[in-house]
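Subject: Handover of a structure

Dear colleague,

Please find the structure below, passed on to you for your own reading. A description of what was found in it follows.

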Amino acid sequence: MSGSRLGVQPGELIDRDRVVRFRWNGAEHHGFAGDTIASALAAGGVEVFSRSFKYRRPRGILTADYHDPNLFVQVGDEPNVRAGHRLLIGGMDVTAQGAWPSLGFDARAANRVVGRFLSPGFYYKTFISPARLRPAYQKILRRFGAGGKIDPTTPPAHAGKRFAHPDVLVAGGGPAGMAAALGASHRGARVMLVEENHHLGGHLLYGGPESEATLAELRALIGADDAIEVLTNAVVTGRYDHNWVGIVVIQGGEEQLVKARAKCLVVAAGKIERPYVFAGNDLPGVMLSSAARRLINLYAVAPGTRAVVATANESGDAALADLERAGVEVAAVADLRKSGSLLVRAKGRGRVAAVELSGGRTIDADLLVTAVGWTTSTSLLNMAGDRPAYDARAARFLPGELPDDVLAAGGVVGDGSIEAIVDHGRVVGFEAGRRALGTRATWQRLTPRAAPAPEVDPEPTVIPRLPAMPHPELFAGPTDGFVDFSEDVKGRDLALAAAEGYDSIELAKRYTTVTMGSIQGKLAGVNAVAVHAAATGATIAATGTTTWRPPYAPITLGALAGVDEDPVRYSPLHDWHMAHGATPIAAGQWIRPDHYGDPAREVRNTRANVGIIDVSPLGKIDLRGRDVPRLLEFVYTNRWDSLAIGGVRYGVMCAEDGVILDDGVTARLEEGRFYMTTTSSGAGRVWNWIDEWLQTAFPTWDVKTTAVTDGYAAMNIAGPRSRELLERVASGVDSSPESFPYMNARIATVAGVAECIVLRIGFTGELSYEVHVPAGYGLHVWEALLAAGSDLGIAPFGLEAQRIMRLEKGHFIVGQDTDGLTKAYTPGLAGLVKIDKPDFSGKPELVWEGEQGAPRRLVAIQPVDGSVVPPEASQIIAGGRTRGRVTSSRMSPTLERSICLAIVDTEHAAAGAELTIRLPDGRDIAATVLEHHAHVDVDGGRVRG
Amino acid sequence: MLVIVCPHCGPRNSNEFTFLGERSTRPAVAATTPAEWRHYLYFKNNAAGEEDERWFHVSGCRRFLDVERDTLTNEIRSVRDVGEAAR
């Protein structure tokens, strides 16, 4: 019978007045507020918490903290909860993970019997053939996977995210980290102090009266210091370039990802106690000295009733004292510092029953406490580029060279009294503060508009030496046991890997999966190196460590995903559309009306009467200045210097590789005022591109660009009666065809709204006017147009009707009918490419394409059987090869037949050419190439009318 | 995530910027050859070390900036407006 609640302990974290009830594998349990799940279960006599990954061996408490590989449990619908760290909450439904069908009896524990066959690569070596059985293997092996269960019905939760800009970030809230925070603050720095446990203090929490006094003092100072922000229950997940630091904090059960930019990072992550490799080292009842000390001192739980203590350092000695004080019978002490004193094996079935020491001495015990050494927690330093070096005298790896903006404090660096550690931390923090303030001043100097940079002390503070104390090198005993508890890797697995030729520790790691489990090698790393070194005959120093990469600890995907930040854009008329039966469709970032019930009817009404469409998402750029015509000459392929005031021109923009980037119309509203429209999706790209040319190539030109896409609502009235409609609502403009011809623009008052821009253009192929009005008046003008046109048969039309009409007219859409290889000659824009201009973007490529001829052409085609609409992207084939593809296709309500645009190889692009279209279902249909792109109104009489 | 100290806006995360790659010189359009032009379009030094780059502070001041960066260490030596001499 292991574990029972002790009397009150001096530093205990539990509140005995608050009983917390919860369930463990369906059975009622209770603990106290302040208990972790594991401490409450241990107090209730639970010894087995999980089944191991590969051999399904029963596992109990090993470290009793955040890093315990044996304490991953399921809490409700949350898998992989660290029971040694997660605080108990009333009503928790805790279940064991990885046990099937139950924790007490695991069917797969048969693996233990066949264990010696489960060598590295076993699954790959065994289940590789015959190939036809692989699906069956997969089905069975999947049962053997570790981890908890995800409940797909759990409602999605969005973890929060915030950004922080501390001067100094201290990773680790033990004595050195607390002192470092105070030191940095003393220098005038703003500090963020991050601790993975629920309380600051590290090992001071269970270190006796002297520790308690120091802890109380440090806590009081930190509590009173406004410049220090403390994050507990928070783990630094990684350090990236320029001290970009990720932190996952859990507050009130909610995860939050903190992205911190620290000017200086202090790593005070301390040391992690190392397990010992020997037979039976994973039996429940075998635990580290720090685990025993945590259970007794923090949670008042006796870890066993009859103990053997194997110690090689003061932590083991202190655990021994704790056990004796707690009234646990200590049956034997093996002082591993003495030569000849050995820990041989732990015996027992399902838990420790006896311990064999040197000389064949076997002692009955239900608890074995080991204290064989420490591993420096160098992960974050490693991520900063440090390569830790092995110090045989101290039996651990120690930090090497660090970049200027990273410092290490306390146990990471060396050993000492509490006073020495605190002193070291304080000075490191003080120096970190100096460096951070120096960086802040440098940044201010580099930013002319910033406040003048203050003086920063140029003299570095001398950091006291903190030497690592000698410690015997104890990694593996005379018998073999588990090196990695997460992955069930034993010493002999590493030896086999070495024998099979995996002589580099990095390769052996990947082959055996040692250190690749949920604990990320924090316990197993150095033992793996030592065992592998012994197997290869190399030294530990020469073997080196594996590389530590982010994350320091596993992070939930939810914390990384955070809140969905994809922007969605709505026209100012969106609510009107939704109230009038529009079916919305996502078009890039915009939500637009696809149609209001029947797109074909919308087309017929527009062609017969007048339709109105919301085109607010169109990109709009206001261009002002003397040199705008020069800019337009450069960014468009055609001529612009002759554009008169009131004129509108269509243009195509090509990138420097000659590929079509965007298209649209630009109007000259006044002498030095132009109004450019772009495609909806290209608005930002074009604006950036224009600014790039202006700033990098033509810095002396007088051009100001302003993106006004959201500043104007835009609506297009199209159809034979659109002029009549415009006349009813617009003032200050003569709408007659003579004074307001096609491809012209006017500033007018529309429905009482001054300064509207009216463009007479025709994407739909109809007589049409595009009215751009200040966005706040958009709805007013829209409703006024509808009211004024009610007797003209006006009806709104959506994106689908517009797409049909532009296809009937043969107007291409950049990005749909062109792709990343389409240069200007492909869609037949020869007339718009003015290679006599001295320069424009992409000119050389277009000159060459003009000389050589475009390899492909955009053509209008019609299937011979007009009832068949070949889906877009249908292949066009000839001679058994793909010769092109359908880029746009619709049923034309005007012609009552199917119509298409297609890109085909030039040799198949001649008017009248017969093409074969292969449909997705494999059928081939015949189609004919038309002479012009337009299917409807080829001579343009409608738009020009 | 790098810190780029924008001369207009101060220290900012690099995700406020668009990386436009190594700085290149546009050949004279009237005299260029396909080989030269396509070298300008597609060939980069990809130096392991000091590189002259162009960044665009798209989510800030919208200035195009010349940045000297060491691609091995990510140390940023200078950030300045296009065409402006190093301070």
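**Findings in chains A and B**

In chain A, A:Gly246 lies opposite A:Lys259, a residue of strand 15. Please note that this is a predicted model.

The pairing just named belongs to two strands of chain A, strand 14 (residues 244-251) and strand 15 (residues 254-261), which are antiparallel and share 8 bridges. A:Gly246 of strand 14 is also the bridge partner of A:Gly238. Strand 13 and strand 14 of chain A likewise run antiparallel, joined by 6 bridges. The hairpin formed by strand 13 and strand 14 of chain A has 3 residues between the strands, and A:His242 adopts a positive phi near 55° there.

These strands belong to an open sheet of 4 strands in chain A, with the order 9-15-14-13 and mixed pairing. Strand 9 (160-164) and strand 13 (234-240) of chain A are at the edges; each has a single partner strand, so one side of each lacks a neighbour in the sheet. From one strand to the next, the twist averages 20°. Strand 13 of chain A is nevertheless mostly covered, with 5 of its 7 residues buried.

Another residue of chain A to look at is A:Val170, which is located in strand 10 (residues 168-171) of chain A. Is A:Val170 buried or exposed? A:Val170 counts as buried because it has 36 C-beta neighbours inside 10 Å. Neighbours within four places in sequence aside, the contacts of A:Val170 are A:Gly177, A:Ala180, A:Ala181, A:Val191, A:Leu193, A:Val194, A:Val266 and A:Ala268. Of A:Val170 and A:Ala268 it can be added that 98 residues separate them in sequence, while their C-alpha atoms are 6.7 Å apart in space.

Turning to the helices of chain A, helix 11 (residues 491-499) packs with helix 13 (residues 525-536) at an angle of about 45°, and the axes are 9 Å apart. This angle makes helix 11 of chain A oblique to helix 13 of chain A. The crossing of helix 11 of chain A with helix 13 of chain A is right-handed. Helix 11 of chain A contributes A:Gly491, A:Leu494, A:Ala495 and A:Ala498 to the contact, and helix 13 of chain A contributes A:Ala528, A:Val531, A:His532, A:Ala535 and A:Thr536. By type, the residues of this contact between helix 11 and helix 13 of chain A are 6 nonpolar, 3 polar and no charged.

The contact between the two chains involves 23 residues from chain A and 21 residues from chain B. On the side of chain A that touches chain B, the elements giving two or more residues are helix 10 (418-446), helix 19 (683-696) and helix 23 (843-852) of chain A. Helix 19 of chain A gives the most to that side, namely 5 residues. The residues on the side of chain A that touches chain B comprise 9 nonpolar, 5 polar and 9 charged.

As for chain B itself, it contains 1 helix and 6 strands. Read from the N terminus, the elements of chain B follow the pattern β-β-β-α-β-β-β. Its C-alpha atoms fill a box of roughly 40 × 25 × 25 Å along the principal axes. Chain B has 87 residues, of which 17% count as buried. Among the contacts in chain B with a separation of 6 or more, 46% are between residues 24 or more positions apart.

With kind regards

How values were computed:
Residues are numbered from 1 along each chain as its sequence is written. Chains are lettered from A and ligands numbered from 1 in the order in which they are written. This is a predicted model: local features need pLDDT of at least 70, side-chain atom pairs count only at pLDDT 80 or more; totals for chains, interfaces and linings use all residues. Axes are lines fitted to C-alpha atoms, for helices over the stretch in contact, and angles run from 0 to 180 degrees between N-to-C directions. Angles under 35 degrees count as roughly parallel, over 145 as roughly antiparallel, 65 to 115 as roughly perpendicular and the rest as oblique. A crossing is left-handed if the near helix is turned anticlockwise from the far one by less than a right angle, and right-handed if clockwise. Two residues are in contact if their C-beta atoms, placed from the backbone, lie within 7 Å. Ala, Val, Leu, Ile, Met, Phe, Trp, Tyr, Cys and Pro count as nonpolar, Asp, Glu, Lys and Arg as charged, and the others, Gly among them, as polar. Two strands pair if DSSP finds at least two bridges between them. A residue is buried if 20 or more other C-beta atoms lie within 10 Å of its own, exposed if 12 or fewer, and partly exposed in between; C-beta atoms are placed from the backbone.
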